[in-house]
Every structure is written in structure tokens, then in C-alpha cells.
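Ready for a few exercises? Take a look at the structure below, try each task yourself, and then compare your steps with the worked solution.

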Amino acid sequence: MGAGPRAKPDEEVKTGRKAEEGIDQGQPPPDPPDKACPKPEVHWDGVPGTLRGAVHDLLEEYKALWARQLGQVDVTPHRIEVTPGARPRRAQIYRASHASREIIAKEVQRQRDLGVIEPSSDEWAFPVVLVPKPDGTMRFCVDYRRLNEGKVRNVYPLPRMDDFIDVLGDAEVFSTLVCNSGYWQIPVADEDRDKTTFACHEGAFRYIRLPFGLSNAPATFQRDIDMILGGLKWKSCLVYLDDIIVFSQSAEEHVEHLRQVFSALRGPGVSLKAKKCNLFQEEVEYLGHIVGRG
């Protein structure tokens, strides 16, 4: 997806680092917890009239999945294993304009309010970089390149799209679900949080939840979601990072498949983004591909 010409970016974006794609880091921010937990405003116009009552009850039963707060996946935390003998690495913060410092300050406060980061005084520290997004706004990232260079790689595989297409070929009904704030639902192991420390004009902070930019982050997220949906994958759902697709041969069967997926997600604490969830579709876009009947 392209963007029109824009002004020359500030110095902090001149690192050559591109924003990672394929997972939602938390834009826009999750809303504060809603104790009333209203029925989610998902897109379900495609539900047949005869099943609308059953689907209404299903959404009511599992409305906590869309409670508009940051979930915490209780499976396995993210570990950061560095090569033997690796010493703490600390980099100087990048220069930033007044406008950029304001963006950074607001994002740091937002992440503190959400319980994603906490103050740090460790030897490890990496600079913040603002990366332009296609819409012209800036994405807050931490430049973890020096940390990634010294990490032991996680070889957990990501699924292949061609395998997905083969499995989805005969399905008639689809629902797509998106996890809320992606990586931030995965905790970082207590003993590895210091390694995620970043420094900026606001001070030094470390991540409690999985940050954007770590080389093994996609593997950790995929592994945890695979463990959650393991018994359902390839049978009634597929998952690529935070994008889940549920598929069935009939609308009636689809109600039960959604119930199974919702139940599996709710147990370990996954939360979903209502506005990006589309239920009972004959044709959907999934991972850049149009998937439809047959």
C-alpha cells in the first residue's frame, strides 16, 4: 500500500528500519475496561434470519471477548535468549524535533496507562524511532536491531498461505476475527523484561507485554495462538498471527464452529477487536486474498 509524497522525515526515522507488517500493535488504543461489557458491535449482517436469534445469544454469551480492554494471554510468556557471553547493550537516544517528542511523550504515557511498560533502570537500553505510516501519522517503535543481532533465533514456523487456500477451498461460510492489540496480549517473561528497555526524552522504560520489533515476536505470538486453537486448526479455523478465519460448510454448522473458537479464545484471556470482526460472510478478504464459496 503506497502513500503520496511527504516531507523529509526527522532524523529519528533515518535508520533504515521498516515498520513490521501483519499484526496490529494497538492502533487505535483499546478503550478502558467496561464493567457492563455490552454486546459487541461486530459485523453480522450476513447471518440468515432463521439463525439471528442463536447468533445474538452467542455474542451475548461471549461478549467478554470484545470488552474493549487489553487481554492477557495466559499460555507461555515471551523469552529473550541471547547468545552466550552477550553483554548488555545500550544505545544513545535519537535526536527528535519538538513535534516528535510530543508524539513520543503521549505514546509513552498511553502505554504506561495500559500497563504495557514500566520504568526501568537497567543496563540494557535501545532508542525510540518514529516510522511514517501510509496515512501520514507516525508509528512508535523501538530500534531493537542491536538486540536482535545477538539473540538466539526462534525457529517456530509461520503457516503457508497456499496451505490455507487448499483448506478453505470447499467452505461456504466464513467469519474473520482479529485480536485486539496483537503482541501486547503476550506477557514478557519476568527475567527478560530488562532486555526490552528503551530510552527516550521521557526516561527509560521496559516492556511488561511483548513489544513490536523483536525478531522472535511473530514466532511467540503464532505459537501461543496455535496452542490455544490447536484442536480446531485446519478443521474449522485457521490462524496467521492475529488474523483468524473460521470456515464451515453451512450456516448452521458455522454457529457451532464459532462457539468452539470463542470458547477456546476466552479461556486463556484473548480479546478481539469488534470493528474488525466480520461474521457469516460468503466472501472475505484474508491475508490479502479473496476467499469465497468453493
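**Exercise 1.** Find where Thr 196 lies, and decide whether Thr 196 is buried or exposed.

*Solution.* Keep in mind that this is a predicted model.
Step 1: follow the chain from β4 (173–178) towards β5; Thr 196 is in the loop between these two strands.
Step 2: check the relative accessible area of Thr 196, which is 0%. Buried means under 20%, so Thr 196 counts as buried.
Step 3: look at the surroundings. Leaving aside residues up to four places away in sequence, Thr 196 touches Ile 80, Tyr 144, Val 188, Phe 205, Arg 206, Tyr 207, Pro 211 and Leu 214.

**Exercise 2.** Work out the strand order of the five-stranded open sheet, and explain why β1 and β3 each have one side without a neighbour.

*Solution.* Step 1: trace the order, which is β1-β6-β5-β2-β3, with mixed pairing.
Step 2: look at the edges. β1 (117–119) and β3 (138–142) stand there with a single partner strand each, so one side of each has no neighbour in the sheet. From one strand to the next, the twist averages 40°.
Step 3: zoom in on one pair. β1 pairs with β6 (residues 203–207) in the antiparallel sense, over three bridges. Here Ile 117 stands opposite Tyr 207 in β6.
Step 4: add the helix. α2 (residues 98–113) lies across β1, β2 (126–132), β3, β5 (198–200) and β6, and runs at about 65° to β3.

**Exercise 3.** Determine how many disulfides the whole structure has, and then examine Cys 179.

*Solution.* Step 1: a search of the whole structure gives zero disulfides.
Step 2: for Cys 179, the nearest cysteine sulfur belongs to Cys 277 and is 8.6 Å away. A disulfide needs sulfur atoms within 2.5 Å, and Cys 179 is in none.
Step 3: check burial. Cys 179 has 1% relative accessibility and counts as buried. Cys 200 is buried too, at 10%.

**Exercise 4.** Which residues touch the most other members of the largest nonpolar core?

*Solution.* Step 1: recall that nonpolar side chains tend to be buried together in soluble globular proteins.
Step 2: the largest core has 64 residues, and those touching the most other members are Leu 177, Phe 198, Leu 229, Leu 265 and Phe 280. Helix α6 (residues 251–266) gives the most to this core, with six residues.
Step 3: take Leu 177 as an example. Its contacts beyond four places in sequence include Val 261, Phe 262, Leu 265 and Cys 277.
Step 4: look for a second, separate core; this one has 11 residues, among them Met 161, Ala 171, Val 284 and Tyr 286.

Note on methods: Residues are numbered from 1 along each chain as its sequence is written. This is a predicted model: local features need pLDDT of at least 70, side-chain atom pairs count only at pLDDT 80 or more; totals for chains, interfaces and linings use all residues. Side-chain values use heavy atoms; hydrogens and water are left out. Two strands pair if DSSP finds at least two bridges between them. Helices (H or I, at least four residues) and strands (E, at least two) are DSSP runs, numbered from the N terminus. Axes are lines fitted to C-alpha atoms, for helices over the stretch in contact, and angles run from 0 to 180 degrees between N-to-C directions. Contact means heavy atoms within 4.5 Å. Buried means under 20% relative accessible area, exposed over 50%, partly exposed in between (1.4 Å probe, protein chains only). A nonpolar core is a set of buried Ala, Val, Leu, Ile, Met, Phe, Trp, Tyr and Cys residues joined through side-chain atoms within 4.5 Å.
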